[in-house]
Structure formats: structure tokens, C-alpha cells
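Here are my notes for you, set out point by point. Have the structure open as you read, and follow along strand by strand.

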Amino acid sequence: MIEPRLPRYQSGQRVKAAIDLLNDGSFPDASPEECLVSVGHIGEIVQIGCHTEANLFIYMVDFGKQLVVGCIEAEISAV
């Protein structure tokens, strides 16, 4: 059994990309594997979801210019 836990980050919190965020196919207007957000780019968490089977939080981060990317905790860090 997986123990429930709280998300590391909160909605409205500013975070920065810890790695280059590449298109996993979720953005049809970008090429596969195209860099959507470069490391160090700052955004704001606009929504938090949970993948219950994997016990992972998914953070929707607005990086500006109408670019909202789903990130796991390892892909972002606090500002």
C-alpha cells in the first residue's frame, strides 16, 4: 500500500524548470522532443493533480506566452 502524502509545491507558487522540458507529444504544434521550456525558466503553478496509481503529483505550470506544461516534482524547483 502506498502511503498518501502532500504535494511539495502549492497552487500559485513560482517555480523554475529544473531540466529542459521537452515535448512528449502533448503539444501538436511543436515537434516531438522539441524543447518547450529551457532549464531555469520561471513559471507559476496553476493547478495540481495526482496520478493515484503512481502516487505522483502533476503540476500544471504556466510558463507564459500561453504555455502551460504538466510537470512532476523532479522537473521543477522552488524559486
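1. Strand β1, residues 14-17, runs antiparallel to β4, and 3 bridges join the two. If you would like a pair to click on, take Arg14, whose bridge partner in β4 is Glu44. Please keep in mind throughout that this is a predicted model.

2. β1 also pairs with β7, again in the antiparallel sense and over 3 bridges. Here Val15 is the residue to look for, as it stands opposite Ala78 in β7. As general background, the strands of a sheet pair through backbone hydrogen bonds, in either a parallel or an antiparallel way.

3. Moving on to β4, which covers residues 42-51, you will find it paired with β5 in the antiparallel sense over 7 bridges. One place to check this is Ile45, which has Val61 as its bridge partner in β5.

4. β5 (residues 56-62) in turn pairs with β6 over 4 bridges, also antiparallel. Asp62 has its bridge partner in β6, namely Val68. The two strands form a hairpin with 5 residues between them, and in the turn Gly64 has a positive phi of about 85°.

5. Now for the whole sheet. What is the order of the strands in it? Reading across, it goes β6-β5-β4-β1-β7, an open sheet of 5 strands with antiparallel pairing. β6 and β7 (76-78) stand at the edges with a single partner strand each, so one side of each has no neighbour in the sheet. From one strand to the next, the twist averages 45°.

6. The edge strand β6, residues 68-71, deserves a look at its side chains, which alternate along the strand. Which of them are buried? Val69 and Cys71 are, and they point to one face, whereas Val68 and Gly70 point to the other face and are not buried.

7. Next comes the largest pocket, which holds about 170 Å³ of space. It is lined by 13 residues, and those closest to its centre are Leu22, Asp24, Phe27, Val69 and Gly70. Two elements, β2 (21-22) and β6, give two or more residues to the lining. The largest share comes from β6, with 3 residues. Sorted by class, the lining has 7 nonpolar, 3 polar and 3 charged residues.

8. Two residues in the loop between β2 and β3 make a nice contrast, and I would start with Asn23, which is found in that loop. Is Asn23 buried or exposed? Its relative accessible area is 2%, and because anything under 20% counts as buried, Asn23 is buried. The side chain of Asn23 also reaches the backbone oxygen of Ala30, at 3.1 Å.

9. Gly25 has its place in the loop between β2 and β3 too. At 52% relative accessibility Gly25 counts as exposed, because the cut-off for that is over 50%. Gly25 can also be set against Gly70 in β6: these residues are 45 apart along the chain, and 12 Å separates their C-alpha atoms.

How values were computed. Residues numbered from 1 in each chain as written. Predicted model: local features only at pLDDT ≥ 70, side-chain atom pairs only at ≥ 80, totals over all residues. Heavy atoms only, no water. Buried < 20%, exposed > 50% of the residue type's maximum accessible area, 1.4 Å probe, protein only. Pairing = 2+ DSSP bridges. Axes fitted to C-alpha atoms, helices over the stretch in contact; angles between N-to-C directions. 1 Å grid on protein atoms, 1.4 Å probe; cavity = no way out; pocket = protein on both sides within 12 Å on 5 of 7 lines; lining within 4 Å. Points joined across faces, edges and corners; volume = space filled by probe spheres on them. Nonpolar A, V, L, I, M, F, W, Y, C, P; charged D, E, K, R; others polar. Polar contact = N/O pair within 3.5 Å; in protein donor to acceptor, adjacent residues only side chain to side chain.
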